[in-house]
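Let's take a walk through this one, chain by chain. Have the viewer open and keep an eye on how the pieces pack.

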Amino acid sequence: MKKLKDIFGGDTRQFGMIFALVALIVFFQIMTNGLVLKPENVINIFNGNSYILVMAIGMVLVIIAGHIDLSVGSVAAAVGIVVALLMRDTGMHWVVAVLVGLVVGAIIGAWQGFWVAYVGIPAFIVTLSGMMVFRGLNQLIGKSNTIPVGEDFQVIGAGYLPEIGPNTGYNNLTVLLGLILVASVVFGAVRTRRNQVKIGAATDSATALWIRTGLISAAILAVTLLMASGRKGTSFPVSGLILGALVLIYGFISTRTIIGRHVYAVGGNRHAAELSGVRSKRVNFLVMMNMSILAALAGMMFVARSNASGPFDGVGWELDAIAAVFIGGAAVTGGVGTVIGSIVGGLVMAVLNNGMQLLGVGADLTQIIKGLVLLIAVAFDVYNKMQGRPSIIGLLMRNSKKAAAPVSDKAA
Amino acid sequence: MLSDVGRWQLVSDVILEMRNITKEFPGVKALENVSMVVRRGEVHAICGENGAGKSTLMKVLSGVWPHGSYTGEIIYDGKPVEFKNIRQSEHAGIVIIHQELALIPELSIAENIFLGNEYVKSGVIDWVETNRKARELLAHVGLNDEPQTAIKNIGVGKQQLVEIAKALNKDVRLLILDEPTAALNEDDSQHLLGLIDELRRKGITCIIISHKLNEIEQIADSITIIRDGQSVETLDVKGDKVDEDRIIRGMVGREMSSRFPDYTPAIGDKFVEVRDWTVESPVIPGRMVCKGSNFYVRRGEIVGFAGLMGAGRTELMRSIFGQSYGIFRSGELFLDGKPVSLRSVPAAIDAGIGYVTEDRKVLGLNLLDDIKTTTVSAKLKKISKHSVVDRRAEFEAAEGYRKSLRTKTPTVNEGVGKLSGGNQQKVVLAKWLFTDPELLILDEPTRGIDVGAKYEIYGIIQELAKSGKAVIVVSSELPELLGLSDRIYTICEGAITGCLAKGEATQENLMKLMTTLSDRSAAASA
């Protein structure tokens, strides 16, 4: 047990959700006689959930800042229909259309951000309004019709990395991607370690670090090979690539940049942040705007995957995205949460969905189980906090080097 | 047998005895074999530095930490008791009034008093009886507000009295007050102490936790001193001729020759000057919270601001700090003789102004953050390149201040929420020192901080002045201002009513200036 703690840095409980994810995968793998980890299925999980996960990235920032966004599904639908119509009626190139879609998302986000940040209306209300307004816009613009999109556009939702290079039996680009990722994980670990030692801040043993890095690398390699060995023509999905890039970018922004710090500061204690020179209105505005841009992207990815934009796209997405964030350890009161945590939370939901589908469990029962998982995950978190322990993954992901021992509870 | 007889005799005299109480939290012993004896009908003070374990001991007594989570015995009224929760201890007549008042702002005084104990007639609240009884209780505590007044519309001092009225309604026999006067001004404090004295005459025993030693000296019959989770000694105030210095010696475990470090000021040129500063209240239109204020601070000078609660000290400072409070109406601000216009907090920080807020937990800190993130949070630019934070520089900066300010923490990765008040304040100071301020404004810099840490913070403030910075200290504690400041301005109802140099200021003449508007300023406010 002590060893485990060392390896995972601090409390094993903090890794609860990752363990839960692994346990879920193993469970369904056994129950379905190995269907879950078939290449096609893994690719399917990525393809079928990446748009939700893209939104979870935006949502976690919104929730950290102390807000919520209920409008994401409607925003996604509204942008989807605009982009689909532009391509069909004006013959716009799909790349341009995607850019226009993102701009439309930004405009919608600026609208909502304005009300939240500068007028001071609670985001719950603003985005509840947005949920209706943009759903209506989708149906108004599309005349409640389903608009098909061209094959070239479908790449962002249903595309795969192309086959190039010698025939190795694997998809070469996928393998290459995996190797690059492993290399950067190892490189990152070495560099962090060196820095920590240099400034005397190393808190975990070197062996633990190497085992941890080894495990992460092995996991990446396993997923890579799985995806690369699929049916000819399939490989790592483009939507997964987009998601991966966004996770890296937003993970970096949230932990390493000034604006990221400011988001946590505003959510943690708005007054203290303002009196420390944080422009909290601007932070709130940007966070809301960013959410709508990501929702726009998610909407386009979904349209690309389903070959058409329809009047009921994105219904209920906000709930999936919000659930992912809270399962991932964010706090309802703001100030706590991580991008990676939310992705793990989203994957838990995704694997649950997928596994039960494979088992032939009905949608009714699946809903019930998903609902209970959300409740239990957050209850677990709340319980831990009452015990004075850090939230499951929330804190860990923000700073995995944190020493675990609480100093004092006895402050007067 | 003999001991049994002796015990029986004690019962009549002793209301509470706590024996060998030990309470552990994961990784730390908050209380270790603490014992104390409280006699019936006395005012018993508990003194100790922050983090010594005073509040924990009271939480053990009142059942916040239930029986079983600690070891040791509690004998109340001659019988051993094992409280599982607050309800049980309240049932036995033990009521604790916490530092953070537990009143609901939107509800009325009467509703708050009877919350959980409502007068009900066949399932419906009997308002006539409720208000009648409330008025009666309010009279007991010397409050003549209408019971229907909402809590949010009365001041903190009166709220404290409502809490006591609420306790009286519960037939309190042992009243525990945790820092009751921390947020009160002199008048309200005196009124509260008078009330405690009256309760004592009615036979209600009081345990009072306070950092204000002069008040303890004034009111308490005996004092138990706790240091580092252990009970050090119990003093009989009258018999032992206890004075403040004696209490301090017990608390810190050594003689404190002076409560202020030695210091010779080196005062330079005028750094900041404020002329005719007028600010309107953001809540009440037309009401000016600062009325044509004029003052200046020189480099190397520590300038105190004295005023009663609500006089407008904080409002003035926050308004100067990037207009972060109220609506700016008129006035000029000069830094180094040049007029500047600072319309936002970032602008003020860039201009070299720092502001340590009065309420650490509400305004000063993000309690979810760790020490190192907090330290650099007011000037992230300083350790960032292209808006990316250099975590190594961050760690080194935080580590530097940890050492120089002697913050007690294992590492700078620790959450600030876990630190004691004094150490939290050091982190806040580090945060502002990190911004390299030329003018640092400190609003109640030692509130809720124990004597030892206060001394250290005074030292830090003096060091800052010595290095040529201009320093403003706002404080409700006049001895603190008198000991620290080179000059003291007094504020009354938003107007600056006087300015006294170190030699000429006394508690008496400051208090007089703090409570009287001069004709000139009265005319200005009209």
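What follows covers helix packing in chain A, then a sheet and a loop residue in chain B.

Keep in mind that this is a predicted model.

**Chain A: one helix, two partners**

Chain A is mostly a story of helices: its secondary structure comes to 17 helices and two strands. Of its 412 residues, 48% count as buried. If you take the contacts in chain A between residues at least 6 apart in sequence, 80% of them join residues at least 24 apart.

A good place to zoom in is α3(A), residues 39-64. Here is how α3(A) packs against two other helices.

| Pair | Angle | Axis separation |
|---|---|---|
| α3(A) and α15(A) (residues 339-359) | about 140° | 9 Å |
| α3(A) and α10(A) (residues 238-256) | about 15° | 9 Å |

At about 140°, α3(A) is oblique to α15(A). The crossing of these two helices is right-handed. On the α3(A) side, the contact includes A:Asn41, A:Ile45, A:Asn49 and A:Ile52, while α15(A) contributes residues including A:Val339, A:Ser342, A:Ile343 and A:Gly346. By type, the residues of this contact split into ten nonpolar, five polar and no charged.

What about α10(A)? With an angle of about 15°, α3(A) is roughly parallel to α10(A), and the crossing is left-handed. From α3(A), the residues that meet α10(A) include A:Phe46, A:Asn47, A:Ser50 and A:Val54; among those across from them in α10(A) are A:Ile242, A:Leu243, A:Leu246 and A:Tyr250. This contact divides into ten nonpolar, five polar and no charged residues. A:Leu53 and A:Ile57 take part in the contact with α15(A), and A:Leu53 and A:Ile57 also turn up in the contact with α10(A).

**Chain B: an open sheet**

Over in chain B, look for an open sheet of six strands in the order β18-β21-β22-β15-β23-β24, with mixed pairing. Its edge strands are β18(B) (353-356) and β24(B) (495-501), each pairing on one side only. On average, neighbouring strands of the sheet are turned by 20° against each other, direction ignored.

At one edge, β18(B) runs parallel to β21(B) (residues 439-443), joined by four bridges. One bridge to spot there is B:Ile353 with B:Leu439 as its partner.

Further in sits β15(B). How many of its residues are buried? Six of the six are, so β15(B) is largely enclosed by the rest of the structure. Both faces are covered, with B:Ile302, B:Gly304 and B:Ala306 buried on one side and B:Val303, B:Phe305 and B:Gly307 buried on the other. β15(B) runs parallel to β22(B) over four bridges and pairs in the parallel sense with β23(B) over five. B:Gly304 is a handy landmark, standing opposite B:Val473 in β22(B) and opposite B:Ile488 in β23(B).

Two helices lie across this strand. α16(B) (residues 451-466) lies across β15(B), β21(B) and β22(B), running at about 150° to β22(B). α18(B) (residues 507-515) lies across β15(B), β23(B) and β24(B), at about 35° to β23(B).

**A loop residue**

Finally, find B:Glu146 in the loop between α5(B) (127-140) and α6(B) (156-169). Is B:Glu146 buried or exposed? B:Glu146 has 12 C-beta neighbours inside 10 Å, so it counts as exposed. B:Glu146 and B:Thr409 are 263 residues apart in sequence, and their C-alpha atoms are 48 Å apart in space.

Definitions and conventions: Residues numbered from 1 in each chain as written. Chains lettered and ligands numbered in written order. Predicted model: local features only at pLDDT ≥ 70, side-chain atom pairs only at ≥ 80, totals over all residues. Pairing = 2+ DSSP bridges. Axes fitted to C-alpha atoms, helices over the stretch in contact; angles between N-to-C directions. Contact = placed C-beta atoms within 7 Å. Parallel < 35°, antiparallel > 145°, perpendicular 65-115°, else oblique. Left-handed = near helix turned anticlockwise from the far one by under 90°. Nonpolar A, V, L, I, M, F, W, Y, C, P; charged D, E, K, R; others polar. Buried ≥ 20, exposed ≤ 12 C-beta atoms within 10 Å, placed from the backbone.
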